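Follow the chain through the model below, starting from one side-chain contact and moving out to the elements around it.

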Amino acid sequence: MTRNSDAEANAILLVSGPDQRGLIAAFSQFVQEHNGNIVDLEQHVDAEQRRFFMRLEWSLSGLTLKRQALPDSIQTLAESRNMEWALHFTDQIPRMAVFVSRQSHCLLDLLARIQSGEWQVEMPLVISNHGDCRKFVEGLDIEYLEIPVNAGNRAKAEARMLDALQARQIEFIVLARYMQILGEDFVDCYRNRIINIHHSFLPAFPGARPYH
């Protein structure tokens, strides 16, 4: 969904790849050469893996390069530096699905942030393996899809989830205390588009009672 003009929107570039000299300068210069104004820049280097990560945001107002031409120009620059990249725009509102089980606190936090306007995101669908959280989304024009999951029906259940996600044009998924492990085939369909949130650190012990 797009709702603003270029004069009101920003471009957000996500870059990752092998660390090397001059990366920040190269991408910043690209913006400057096209009369862009950088409004936010964050970067991190994973010293152990020697990988570079950057989030670069700039205003489209006054930019001499048309929005439609940005991907090809960025691709040329990124290829010259052996970088992976993704481009987003602040006037394109993403569609998010939330997966939840019985505990509601993460779901309620998401709902509060969306309803307050803190997050610019559409949330048309909640998927759960239980019905406990249905009451929190009823009346909010959010569909609640209950799909029980067990060892015997996992593949069919995940296929049903994928059908629902694709039918509703879901762009990314948030696991809000969803207490099921998603299969490899499911994850492949939303690779790098699944966010697992948790209000505390999970211990490194698998199973139904990891804290114990």
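The side chains of Asp 91 and Arg 67 make a polar contact at 2.8 Å. Asp 91 sits in the loop that runs between strand 4 and strand 5. Its relative accessibility is 0%, and because the limit for buried is under 20%, Asp 91 counts as buried. This is a predicted model. The mean pLDDT of the chain is 91, with 90% of the residues at 70 or more. Among the elements, the highest mean pLDDT belongs to strand 3 (98) and the lowest to strand 9 (91).

Strand 4 leads back to helix 2, since residues 84-89 of that strand are one of the places against which the buried residues of the helix pack. Helix 2 covers residues 70-80, and its buried residues are Leu 70, Ile 74, Leu 77 and Ala 78. Viewed down the helix axis, these residues fall within an arc of 100°, so they line one face of helix 2. What does this buried set pack against? Besides strand 4, the partners are strand 1 (10-18), helix 1 (23-33) and strand 3 (51-59). The face turned away from the buried side carries Asp 72, Thr 76, Glu 79 and Ser 80, which are exposed. After helix 2 comes Asn 82, with a positive phi near 60°.

On the other side of the loop that holds Asp 91 is strand 5. Strand 5 belongs to an open sheet of 5 strands with parallel pairing, in the order 7-6-5-8-9. The edges of this sheet are strand 7 (143-146) and strand 9 (194-197), each of which pairs on one side only. Direction ignored, neighbouring strands are turned by 20° against each other on average. In general, the strands of a sheet pair through backbone hydrogen bonds, in either a parallel or an antiparallel way.

Which strand of the pair in question holds the bridge partner of Ala 97? The partner is Ile 173, in strand 8. Strand 5 (residues 95-100) and strand 8 (residues 172-176) run parallel and are joined by 4 bridges.

A helix also lies across this sheet. Helix 5, residues 154-167, lies across strand 5, strand 6 (122-128), strand 7 and strand 8. Relative to strand 6, helix 5 runs at about 170°.

Technical notes:
Residues numbered from 1 in each chain as written. Predicted model: local features only at pLDDT ≥ 70, side-chain atom pairs only at ≥ 80, totals over all residues. Heavy atoms only, no water. Buried < 20%, exposed > 50% of the residue type's maximum accessible area, 1.4 Å probe, protein only. Helix = DSSP H or I, 4+ residues; strand = E, 2+ residues; numbered from the N terminus. Arc of directions from axis to C-beta. Contact = heavy atoms within 4.5 Å. Pairing = 2+ DSSP bridges. Axes fitted to C-alpha atoms, helices over the stretch in contact; angles between N-to-C directions. Polar contact = N/O pair within 3.5 Å; in protein donor to acceptor, adjacent residues only side chain to side chain. pLDDT = per-residue confidence, 0-100.
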